[in-house]
Amino acid sequence: MCGIIGYVGKSEATPILMDGLKRLEYRGYDSAGIAVAGPEGVTIERVEGKLAGLERLLAEKPVHGTTGIGHTRWATHGRPTETNAHPHRSGDIIIVHNGIIENYIELKKFLVGEGFEFTSETDTEVICHLIAYHCRKGDTTFRALARVREELHGSYALVVMNAREQGVLYFAKRGSPLVAGGGEKENLVASDIPALLPYTRDMIFLEDGDYGLIRENGIELYGADGKRIERKPQRIPWNALMAERGGYKHFMQKEIFEQPTVMLDVLAGRIQKDRGAITLEELDFLFDGSKLVFDRVSIIACGTSYHAGLVGKYLIESLARVPASVDLASEFRYREPLIDDRTLIIPISQSGETADTLAAQVMAREHGAKVVAICNVVGSSISRAANASIYTHAGPEIGVASTKAFTAQLAALYLLALYLAEKKGMADRKTMAARIDELLTLPRLMKNVLNCADHIREIAEEISDATHVLFIGRGANYPVALEGALKLKEISYMHAEGFAAGELKHGPIALIDHGVPVVAVAPRDAMRQKVLSNIEEVRARGAAVISVMTEGDAELAERSKYTIEIPEASWCITPILTALPMQLLAYYVADHKGTDVDQPRNLAKSVTVE
Ligand code: M6R
């Protein structure tokens with residue numbers, strides 16, 4: 001949450017900071033600000049609301065200089081006002097911060113006693129006063145920052161500027177992400193990869209405890225122990241264009257329609273068609289011959305990634321016959337789960353930075369568990385903290401509502417389940433070959449579903465005035481129902497709930513009233529007949545049923561007000577296909593209502609606080 005950036009170089013800093021902040025705006029958009037050091041000193045401009053407001057202000061009052069810092073905020077402490085917007089300043093010290101300072105009340109008391117005046121309601125303001133305090137006592141900015149790192153409890157990624165020092169910025173990281181990289185005679189630090197992509201694809205991922213400085217001609221990095229370190233940059237497999245909207249009205253729309261191509265990338269290099277086998281060499285350490293080195297799988301994730309995990313449980317248990325559990329990371333970390341060295345933990349995360357998922361995974365490793373992350377961002381904290389990662393290769397996902405990352409996670413989980421099944425000898429060559437053949441058809445099948453977008457838009461417009469929408473499904477499509485409801489809530493602000501269809505009569509059926517839309521995810525599989533009965537039950541009470549079903553299912557069509565068809569497929573891949581109408585339905589409802597699809601209210605893409 002919150003995006004920060006710092007730039008030192010030969011070019012005008014303002015457009016570079018603004019471009020970087022635009023690429024980070026998905027992390028928070030309550031307020032924004034920049035500080036730029038120019039010939040006349042440092043100018044700070046901040047606005048309440050989105051970056052567009054700051055852009056307008058800067059067009060009227062241009063700010064010049066070649067060193068600067070910027071921030072786009074997701075409010076934690078203090079309302080989203082201009083006074084609480086970053087950068088914050090204490091004398092010559094100006095900072096931007098992403099994270100939460102847990103001991104800020106105690107530090108504030110101390111600093112007030114030392115004569116510092118506070119002007120905001122933020123926890124961040126203590127950081128700049130604390131650095132200023134140490135500088136006042138005779139420390140250099142670098143030394144003061146090194147000290148302050150020890151004094152802060154909580155999480156932070158910081159970029160610090162001293163108005164008296166030209167051409168240098170300081171940074172520090174613990175718990176919140178920070179990457180550094182440079183172009184020709186310029187260097188940058190930022191919260192996330194997309195901000196740096198226009199300048200470099202070789203990035204240094206900072207570790208907790210790291211701090212240092214950037215100048216036009218270099219990056220100096222120090223570890224938690226204060227010793228200078230050299231860290232090799234990692235090559236990022238993305239380019240700047242991938243993080244742009246490319247002619248689409250919204251990033252979410254682009255990301256939905258990209259999914260067939262993403263699927264090709266997920267599968268690329270991981271399928272040996274001739275051998276009927278899956279290649280996931282990174283997981284070889286999970287086997288001792290044909291024996292697994294773990295007895296059970298524990299999946300941890302949040303939000304959409306959690307829904308992918310729920311589908312993963314069905315796949316892993318059914319295909320590989322390994323017991324699997326799924327937990328919300330925020331619950332898992334506090335419930336004293338049973339973990340030992342025979343547990344395989346699978347954190348699933350698009351961003352690789354979700355605080356709860358990361359903390360749960362770190363805790364699990366401390367108990368001796370093996371960790372295989374399913375992650376989209378190469379070099380992210382979650383992938384670095386794992387023994388191995390299955391990267392989803394979905395490219396940068398900018399829309400706050402996760403779409404392509406979800407279907408890529410589902411495919412990665414399916415590959416994992418097949419890989420385990422094959423290595424354990426649970427699937428013969430013929431079965432594997434059939435499954436692989438089907439997997440290879442996925443991009444085409446997905447295109448077929450996306451071709452129905454106009455039809456789904458019409459349905460979306462019909463239901464967009466509903467007070468609530470219910471989603472039901474069973475088996476591996478029950479999590480898809482949960483995901484359909486989450487998508488609709490988060491971008492259209494409509495009340496929506498997802499249920500296991502068999503649970504309706506245990507309570508939720510009381511919500512059904514005349515005309516309530518019920519989206520039934522009911523492809524032709526072993527559970528279809530059961531869902532059909534549940535559809536009858538809601539129809540009998542007046543629901544308007546929208547069935548997401550296998551093409552040509554006349555029986556279901558007869559019982560539905562609207563139908564959305566997916567091609568015939570095995571149960572293992574139907575969630576990847578049924579997820580697409582869920583995404584399109586939510587997208588078109590939100591677009592019809594005119595909400596801010598890519599930046600829905602109160603949300604941020606990357607949840608780096610618990
Ligand atoms: O980056 P992660 O996958 O760890 O993020 C987890 C959730 O915050 C995320 O899926 C969130 O629920 C999305 N907004 C859903 O669209």
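Leu439 has its place in helix α14, which covers residues 429-450. At 0% relative accessibility, Leu439 counts as buried, because the cut-off for buried is under 20%. The model described here is a predicted one. The protein has 610 residues, of which 61% count as buried.

**Around Leu439**

- Apart from its neighbours within four places in sequence, Leu439 is in contact with Leu267, Ile271, Tyr414, Leu415 and Leu418.
- Leu439 and Ile44 are 395 residues apart along the chain, and their C-alpha atoms are separated by 53 Å.

**Overall fold and dimensions**

- The secondary structure of the protein amounts to 19 helices and 29 strands.
- The radius of gyration is 25 Å, close to the 25 Å that the globule rule gives for 610 residues, so the protein is as compact as a globular protein of that length.
- Along the principal axes, the C-alpha atoms fill a box of roughly 80 × 60 × 45 Å.
- Among contacts in the protein with a separation of 6 or more, 71% are between residues 24 or more positions apart.

**Surface and charge**

- The protein has an accessible surface of about 22900 Å², and 48% of this surface belongs to carbon and sulfur atoms.
- There are 68 positive and 80 negative charges in the protein, and the mean positions of the two sets are 2 Å apart.

**Aromatic pairs**

- A pair of aromatic rings is described by the distance of the centres and the angle of the planes.
- The count of aromatic pairs in the protein comes to seven.
- One of them joins Phe110 and Tyr133: the ring centres are 5.2 Å apart and the planes stand at 80°, so the pair is edge-to-face, the cut-off for that class being over 60 degrees.
- Phe110 belongs to helix α3 (residues 104-113) and Tyr133 to helix α4 (residues 125-136), so this pair ties together parts that are 23 residues apart in sequence.
- Phe110 counts as partly exposed because its relative accessibility is 36%, in between the cut-offs of 20% and 50%.
- Tyr133 counts as buried, with a relative accessibility of 12%.
- Another pair is made by Phe142 and Tyr211, with ring centres 5.2 Å apart and planes at 25°, so this pair is stacked, the cut-off being under 30 degrees.
- The pair of Phe142 and Tyr211 links distant parts of the chain, 69 residues apart: Phe142 is in helix α5 (residues 141-151) and Tyr211 is in strand β12 (residues 211-215).
- Phe142 is partly exposed, at a relative accessible area of 22%, whereas Tyr211 is buried, at 4%.
- Phe142 and Tyr211 form one aromatic cluster together with Tyr222.

**Backbone geometry in loops**

- The peptide bond from His86 to Pro87 is cis, and its omega is near 0°.
- Pro87 lies in the loop between β4 (67-73) and β5 (88-90).
- His393 has a phi near 50°, which is a positive value in a residue other than glycine.
- The loop that holds His393 runs between β24 (388-391) and α13 (404-423).
- With a relative accessible area of 33%, His393 is partly exposed.
- Tyr493 also has a positive phi in a residue other than glycine, with a value near 65°.
- Tyr493 is placed in the loop between α16 (478-492) and β26 (495-500).
- The relative accessibility of Tyr493 is 29%, and the residue counts as partly exposed.

**A buried glutamine in helix α13**

- Gln409 lies in helix α13.
- Gln409 counts as buried because its relative accessibility is 1%, and the cut-off is under 20%.
- With neighbours within four places in sequence left aside, Gln409 is in contact with Thr304, Ser305, Ala308, Ile348, Ser349, Gln350, Ile374 and Thr392.

Methods. Residues are numbered from 1 along each chain as its sequence is written. This is a predicted model: local features need pLDDT of at least 70, side-chain atom pairs count only at pLDDT 80 or more; totals for chains, interfaces and linings use all residues. Side-chain values use heavy atoms; hydrogens and water are left out. Helices (H or I, at least four residues) and strands (E, at least two) are DSSP runs, numbered from the N terminus. The radius of gyration is taken over C-alpha atoms; the globule rule is 2.2 Å times the number of residues to the power 0.38. Buried means under 20% relative accessible area, exposed over 50%, partly exposed in between (1.4 Å probe, protein chains only). Contact means heavy atoms within 4.5 Å. Accessible areas come from the Shrake-Rupley method with a 1.4 Å probe; for residues, only the protein chains shown count as cover. Lys and Arg count as positive and Asp and Glu as negative; His and the chain ends are not counted. The place of a charge is taken as NZ of Lys, CZ of Arg, CG of Asp or CD of Glu. Rings of Phe, Tyr and Trp (its six-membered ring) pair if their centres lie within 6.5 Å; planes under 30 degrees apart count as stacked, over 60 as edge-to-face and the rest as tilted.
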